[in-house]
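Here are my comments on the model you sent, as numbered points. They cover the sheet, the helices packed on it, and the contacts between helices.

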Amino acid sequence: MSTGAPTISELIAQERRLTLPRFGYDEAYALGGLLVTLARERHAPVAIDIRRGVQQLFHAALPGSSADNDAWIDRKRRVVERYGESSYLVGTRFRAKGTTFEESSRLDLDTYAAHGGSFPIAVEGAGVIGTVTVSGLPQAEDHALVVEALERFLTHPAS
């Protein structure tokens, strides 16, 4: 992890700032399309997953990604579902305590991964209702791509 990694406070602030007014099928498609566009511009070999509850509303696999990325998506998404926070924030909290998620969470590491790239979809007045996840880049870059897409999406939401 680079020295420029976001702090716990910065990660919490991102989650508060990136709360959406609503989120349904059209918004999932628009956000997914935006992520695909950003990833293609960067030639990023990623897979993208967006869910509301247990339903997968969007999935894309770009050139260079593999089935391993889908497995990472599932593991990172489960961390968000369990903790209600981004997978990067959860991993950062463990590191701040001088340990790691792998050493101290007591969770099955074949099922959970507190690596950056999965972000809670929170809706005003409803809380966390889903996840948006990217896998294929180093964890800080996966996380940053999702944050950038959500920031742009909030500026120009789906019609």
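1. Two strands are taken as paired if DSSP finds at least two bridges between them. The pairing of E1 with E4 rests on six bridges, and these two strands run antiparallel. One of the facing positions is Arg51, which stands opposite Thr131 in E4. Please keep in mind throughout that this is a predicted model.

2. The sheet as a whole is open and has four strands, in the order E2-E1-E4-E3, with antiparallel pairing. Strand E2 (55–61) and strand E3 (118–123) are the edge strands; each has a single partner strand, so one side of each has no neighbour in the sheet. On average, neighbouring strands are turned by 15° against each other, direction ignored. As a reminder, strands of a sheet pair through backbone hydrogen bonds, either parallel or antiparallel.

3. E3 is joined to strand E4 (residues 127–135) by six bridges, and the two run antiparallel. Among the partners, Ile121 is bridged to Gly130 in E4, and Phe119 has Val132 of E4 as its bridge partner. The two strands form a hairpin with three residues between them. Which residue in the turn has a positive phi? Gly125 does, with a phi of about 80°.

4. Two helices should be described together with the sheet. Helix H3 (residues 67–83) packs on the sheet and touches strand E1 (47–52), E2, E3 and E4. The direction of H3 makes about 155° with that of E4. Helix H6 (residues 139–155) lies across E3 and E4, and H6 runs at about 125° to E4.

5. On aromatic contacts, the count comes to three aromatic pairs. One of them is Tyr29 with Phe58, which is edge-to-face, with 6.3 Å centre to centre and 70° between the planes. Tyr29 lies in helix H2 (residues 25–41) and Phe58 in strand E2, so this pair ties together parts that are 29 residues apart in sequence.

6. Next, the contact of H1 with H4. The axes of helix H1 (residues 8–17) and helix H4 (residues 87–96) come within 10 Å and cross at roughly 160°. H1 is therefore roughly antiparallel to H4, and their crossing is left-handed. On the H1 side the contact uses Ile8, Leu11, Ile12 and Glu15; on the H4 side it uses Tyr88, Leu89, Thr92, Arg93 and Ala96. By class, this contact has six nonpolar, one polar and two charged residues.

7. H1 also packs on H6, at an angle of about 35° and with the axes 11 Å apart. This crossing too should be given as left-handed. Leu11, Gln14 and Arg17 of H1 make the contact with His143, Val147, Glu151 and Leu154 of H6. The residues of the contact of H1 with H6 divide into three nonpolar, two polar and two charged. Leu11 deserves a mention in the text, as Leu11 takes part in the contact with H4 and in the contact with H6.

8. How do the axes of H3 and H4 cross, and within what distance do they come? They cross at roughly 75° and come within 8 Å. That angle makes H3 roughly perpendicular to H4. From H3, the residues in the contact are Lys76, Val79, Val80 and Tyr83, and they meet Ser87, Val90 and Phe94 in H4. The classes here are five nonpolar, one polar and one charged.

9. A last point on presentation. H4 should be shown with both of the helices named above, since H4 meets H1 through residues including Tyr88 and Leu89 and meets H3 through Ser87, Val90 and Phe94.

Conventions. Residues numbered from 1 in each chain as written. Predicted model: local features only at pLDDT ≥ 70, side-chain atom pairs only at ≥ 80, totals over all residues. Heavy atoms only, no water. Axes fitted to C-alpha atoms, helices over the stretch in contact; angles between N-to-C directions. Parallel < 35°, antiparallel > 145°, perpendicular 65-115°, else oblique. Left-handed = near helix turned anticlockwise from the far one by under 90°. Contact = heavy atoms within 4.5 Å. Nonpolar A, V, L, I, M, F, W, Y, C, P; charged D, E, K, R; others polar. Phe/Tyr/Trp six-rings, centres within 6.5 Å; stacked < 30°, edge-to-face > 60°.
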